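This report covers the fold, the confidence and some local features of one chain. The sequence and structure come first.

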Amino acid sequence: MRGGLTRIKAIARGRHETSGQEASRGKAEPLSDPLTSHTPSPGCWLTDPLALLDEDNALRLDLCDLLEHIADGLPDNAAPQLAQLAFAAIGRGWTNHVAFEEEALFPILRRYGGSDPDLTAGLNQLAAEHASDAGLDQEIVDALHGLTRGGPPRNPEMVGYLLRAHFVPMRRHVLWENAFLIPAARRLLSDDDITTLRDWIRAREPHKCSCGGM
Ligand SMILES: [Fe+2]
């Protein structure tokens, strides 16, 4: 997972700043999906599902930086390779993010919400943001797909607006999760809860388990 973070940063900084003009003219090459790449770690990621969420959120912040970088380069520097990277990353990672939180983590935390109305309100807010971002995603995907073909977009102002309309609230969402959700989960979840989360991830995303099961 850390390898994916490093790759996004390296591509966003290196190619765009040193050879962005060439990239904008060149043809997009196939790039691997950084959200599904797995870098072996000393321990299994599933040992601590909240650390995995923390890493996913760090990657999402990198993706926001990448989208901002692409938006800032429009219209002359459309950077199809960067758009290809963002195009590959944006859909799948978000789907997994929402599924993990709404199908696994939030239901567990809601059991603790009876004694903590702020927790319930916070979870409701995050769920509402998931729903609103899901509606925006297809427009972003379409815009990024258009940029992968190279050259300035037909309507750069609209593409820039769409990118910013995605990464600004997304960045806020992730930072709020880092400040509120993950600390609350660390404070409240029992060992059994952590096991439940671990089993849920292993069933949905077995590639994230590097130990073959615990
Ligand atoms: Fe979320």
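pLDDT is the predictor's confidence in each residue, from 0 to 100. In this predicted model the chain averages a pLDDT of 77, and 71% of the residues score at least 70. Because the model is predicted, local features need pLDDT of at least 70 and side-chain atom pairs count only at pLDDT 80 or more, while totals for chains, interfaces and linings use all residues. Residues are numbered from 1 along each chain as its sequence is written.

The chain has six helices and zero strands; helices (H or I, at least four residues) and strands (E, at least two) are DSSP runs, numbered from the N terminus. The extremes of mean pLDDT among the elements are as follows.

| Element | Mean pLDDT |
|---|---|
| Helix 1 (residues 2–25), lowest | 42 |
| Helix 5, highest | 93 |

Over residues 9–41 pLDDT stays under 50.

Helix 5 spans residues 156–188, 33 residues in total, and reaches 46 Å from its first C-alpha to its last. The expected span, 1.5 Å times one less than the number of residues, is 48 Å here. At Glu177 helix 5 bends by about 40°, the bend being the angle between axes fitted to the seven residues ending there and the seven starting there. Glu177 is also buried, as are other residues of helix 5 including Val159, Leu163, Phe167 and Met170. A residue is buried if 20 or more other C-beta atoms, placed from the backbone, lie within 10 Å of its own.

Pro75 is in the loop between helix 2 (49–73) and helix 3 (80–110). The peptide bond joining Leu74 and Pro75 is cis, with omega about 5°.

Technical notes:
A residue is buried if 20 or more other C-beta atoms lie within 10 Å of its own, exposed if 12 or fewer, and partly exposed in between; C-beta atoms are placed from the backbone. Two residues are in contact if their C-beta atoms, placed from the backbone, lie within 7 Å.
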